[in-house]
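Colleague: I've got a few things I'd like to ask about this one. Can you pull it up?

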Amino acid sequence: MGAYNHNEVRGMNEPEPLIPIHEMDKVKDECGLFGIYAPGEEVAYLTYLALYGVQHRGQDSAGIAVFDGDTFRLYKGVGLAAEVFNKFSFAKFTGHAAIGHVYSANSKEDIAANAQPLAYHHLWGRLAIGNNGCLVNKEELCNKLAKKGAIFQTNTDSEVLAHLIASYALDNIEDALVKMQKDAKGSYSTVILTKDKLIGLRDPHGIRPLCLGKMNGHYVLSSESCAFHIIGAEFIREVEAGEIIIIDANGMKSIKVGNVCPKHCVFEHVYIARPDSFIDNIGVGQARRNMGHHLAKEFPIEADIVIPVPDSGAFCALGYAEESGIPYTIGMLKNRYIGRTFLQPSQKMRDLSVQLKLSPIKEELQGKRVIMVDDSIVRGTTSRQIVQMLRDAGATEVHMVVSSPPVLFGCYYGVDTKKDQLIAVKNSVEQTRKFIGVDSLYYLSMEGMLDSLGKSPENFCVACFNGKYTVPVPEEK
Ligand code: SF4
């Protein structure tokens, strides 16, 4: 048995986070994953670098588990990967395979406890797991497992999946994973590290992303392909819906379960994924540009300039400008040095947050009729402040176009949107327009959004727009 450096969690006594500026009024994904099987390489350090590529998917904690076949090591903590691994020595953090995880918490109390990867002892030996997604039957599974004696230390789905896999008491993890695919309902993209294997799997609908790459002949897994670029890996393909990928000394093996029905999250393209990632056979930046083309066709507006809300509106704004012929320009600058600034949760500080984060470029805006492009509207409070800022800077008209339909339903598959926070639920488009204070407001049609992806609309989850949940959710039961 090797040394077991489990749950070395930093930051347990740090002050509670207040309002994270970078997350205000935006939907957010909750996790990013990475995995590497590469004997002879610095797998832990490469994982650390790759976590920068998925950092936008989770900023509250980061962790890495590494295995050399004998000694299993785990290090994780609260904060960005750069903060958690600042001054960390990778020299003894060696092995042939590693997994990494970044996480955004739903509640500030959960951050340290739910930092991943999680690590366990099992019949097969040690096992580390990191997950992105949300099990809709978590409560039911937890109850069943608890009756068999399971004790939970976190409220993560990763722990439920680990217990579920272990509860089958099978000799072979591959058979246990196939069985788990039948019992676990909802979304999960998961990476698992065992003594001799790196495993990646997606739920039968492939709701959350996971892709496969290669680096110097070694296999790597990541939530998004942009992480591959950092470590010099090339994108091979996406892990398919319901597919289990097993990587070990013999190479790569794929197990596919029956009854798969791809329903990839459309919000990955709209906002979550980085524009330099490749998802669902299309570059995310190109998909957003296509959305801009559709918006310009659906809603031609007479204006002088097209500007993005940084950064997620950039590619869509470019698309709108290309299609409409109206010049694209940068109307506001994002302060890149705010980092993880947290504000006092008072209205005054909320009001100041936009000024801290965004600054108008008066020379570009003065006397101009402006089309402002954003990806979505959640509460509308930030959009309202931005619009006022543009008017104060001299814009004579502000029109807003949004690259998705109104968000009307909460997400139960791993994206933090709650129905009671959504402005579109209780307000018509006209009421929202008035609240935000724009001259006109247009949302991209569902057809336009899906057509921008160049793939059958049947392949996408659009539940937060139409309420048609692929996997029945708790409210509907
Ligand atoms: S409900 Fe919306 S955010 Fe959630 S998985 Fe479906 S498309 Fe994505």
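Modeller: Sure. Before we start on the helices: angles under 35 degrees count as roughly parallel, over 145 as roughly antiparallel, 65 to 115 as roughly perpendicular, and the rest as oblique. Bear in mind that this is a predicted model.

Colleague: How are H9 and H10 oriented to each other?

Modeller: Helix H9 (residues 284–298) and helix H10 (residues 314–324) pack with their axes 6 Å apart, at an angle of about 45°. That angle fits none of the named ranges, so the two helices are oblique.

Colleague: And what handedness does the crossing of H9 and H10 have?

Modeller: H9 meets H10 through residues including Arg288, Met291 and Leu295, with Phe315, Leu318 and Glu322 among those on the H10 side. By class, that contact has eight nonpolar, six polar and five charged residues. As for the crossing where H9 passes H10, it's right-handed.

Colleague: Moving to the strands, which residue in E9 stands opposite Tyr120?

Modeller: Strand E8 (residues 118–122) pairs with strand E9 (residues 125–135) in the antiparallel sense, over five bridges. A hairpin of two residues joins E8 to E9. Across from Tyr120, in E9, you'll find Leu127.

Colleague: Is Ala113 buried, exposed or partly exposed?

Modeller: Ala113 belongs to helix H3 (residues 111–114), and its C-alpha atom is 6.0 Å from that of Thr154, 41 residues apart along the chain. Buried takes 20 or more C-beta neighbours within 10 Å, and exposed takes 12 or fewer. Ala113 has 15 inside 10 Å, so it counts as partly exposed.

Definitions and conventions: Residues are numbered from 1 along each chain as its sequence is written. This is a predicted model: local features need pLDDT of at least 70, side-chain atom pairs count only at pLDDT 80 or more; totals for chains, interfaces and linings use all residues. Helices (H or I, at least four residues) and strands (E, at least two) are DSSP runs, numbered from the N terminus. Two strands pair if DSSP finds at least two bridges between them. Axes are lines fitted to C-alpha atoms, for helices over the stretch in contact, and angles run from 0 to 180 degrees between N-to-C directions. A crossing is left-handed if the near helix is turned anticlockwise from the far one by less than a right angle, and right-handed if clockwise. Two residues are in contact if their C-beta atoms, placed from the backbone, lie within 7 Å. Ala, Val, Leu, Ile, Met, Phe, Trp, Tyr, Cys and Pro count as nonpolar, Asp, Glu, Lys and Arg as charged, and the others, Gly among them, as polar.
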